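Please look through the sequence and the model below before reading on. The report that follows takes up a few places in turn.

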Amino acid sequence: MDEELGRTLDAVGPRLRALRKQRKVTLAALAAATGISVSTLSRLESGDRRPALEQLLPLARAHGVTLDDLVGAPQTGDPRVHLRPVSHHGMTVLPLSRRAGGIQAFKMVIPAGGSRRTPDLKTHEGYEWLYVLDGRLRAVLGEHDLILAAGEAAEFDTRVPHWFGAADADPVEFLSLFGSQGERAHLRARPKSG
């Protein structure tokens, strides 16, 4: 293995630990989110084990960072932000924010005729705000089964059983703001001028 690659991989462990602690996430919660065992995560963070690509991808997704940021890849000199979509549960997810922890922003696209037609309700820690850009989104939030059209929004505590998918056979695009620690989006309105 080339010496520079070895140094890069050796630096991943401390970076993983710092990201997890910054987000105040336990090893057990990270294991549940990534499917990687607690013992493997511990060995990766301590540097006793070098990460493989199949471990780095779910870790980058769980921490809300790019793979380049996770491994400390050198900058290319190009100042543009290169967003990389990922496929997740039948949706294309495009991260819009790069900050670990705090509120994360995503653009989500459910393709026409996609697999997300039958509700499979999930719960987890956090708070989410949705805004439909195009199409019709079906959002099942606890006992509420809603259809949101373009320009409509919903917000909910993610400990409530929830699921969202296409309301019909057409694609749907929406924005999601998600706070893993229950942070809520705060909207401010200007006072009316008298």
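Which residue is the bridge partner of Tyr 127 in β7? The partner of Tyr 127 is Asp 157. This is a predicted model, in which local features need pLDDT of at least 70 and side-chain atom pairs count only at pLDDT 80 or more, while totals for chains, interfaces and linings use all residues. Residues are numbered from 1 along each chain as its sequence is written, and side-chain values use heavy atoms, with hydrogens and water left out.

**The two sheets**

Strand β4 (residues 127-134) pairs with β7 over five bridges in the antiparallel sense, where strands are DSSP runs of E with at least two residues and helices are runs of H or I with at least four, numbered from the N terminus. Two strands count as paired if DSSP finds at least two bridges between them. Both β4 and β7 belong to an open sheet of six strands in the order β1-β2-β3-β9-β4-β7, with antiparallel pairing. Because β1 (86-88) and β7 (153-157) each have a single partner strand, they stand at the edges, and one side of each is left without a neighbour in the sheet. Neighbouring strands of this sheet are turned by 30° against each other on average, direction ignored.

Three strands form another open sheet, in the order β6-β5-β8, and the pairing is again antiparallel. Its edge strands, β6 and β8, each pair on one side only, and the twist from one strand to the next averages 20°. Six bridges join β5 to β6, and in β6 the bridge partner of Arg 136 is Ala 149.

**Helix α5 and what surrounds it**

In α5, the residues Gln 55, Leu 56, Pro 58, Leu 59, Ala 60 and His 63 are buried, a word that stands for under 20% relative accessible area, with exposed meaning over 50% and partly exposed the range in between (1.4 Å probe, protein chains only). The cover over these buried residues includes α2, α3, α4 and α6, and after α5 comes Gly 64, whose phi is positive, near 70°.

The axes of α2 and α5 come within 11 Å and cross at roughly 30°, where axes are lines fitted to C-alpha atoms, for helices over the stretch in contact, and angles run from 0 to 180 degrees between N-to-C directions. That makes α2 roughly parallel to α5, since angles under 35 degrees count as roughly parallel, over 145 as roughly antiparallel, 65 to 115 as roughly perpendicular and the rest as oblique. The contact (heavy atoms within 4.5 Å) is made by Val 12, Leu 16, Leu 19 and Arg 20 of α2 together with Leu 56, Leu 59 and His 63 of α5.

**Three residues in their places**

| Residue | Element | Relative accessible area |
|---|---|---|
| Gln 55 | α5 (residues 53-63) | 8%, buried |
| Thr 40 | α4 (residues 38-46) | 9%, buried |
| Val 109 | β3 (residues 103-110) | 24%, partly exposed |

The side chain of Gln 55 reaches the backbone nitrogen of Ala 52 at 2.9 Å. Leaving aside neighbours within four places in sequence, Gln 55 is in contact with Ile 36, Thr 40, Leu 44, Arg 49 and Arg 50, while Thr 40, counted in that way, touches Arg 49 and Gln 55. Val 109 is in contact with Met 91, Thr 92, Val 172 and Glu 173, again without its neighbours within four places in sequence. The C-alpha atoms of Val 109 and Leu 94, which are 15 residues apart along the chain, are separated by 8.4 Å.

Methods. Polar contact = N/O pair within 3.5 Å; in protein donor to acceptor, adjacent residues only side chain to side chain.
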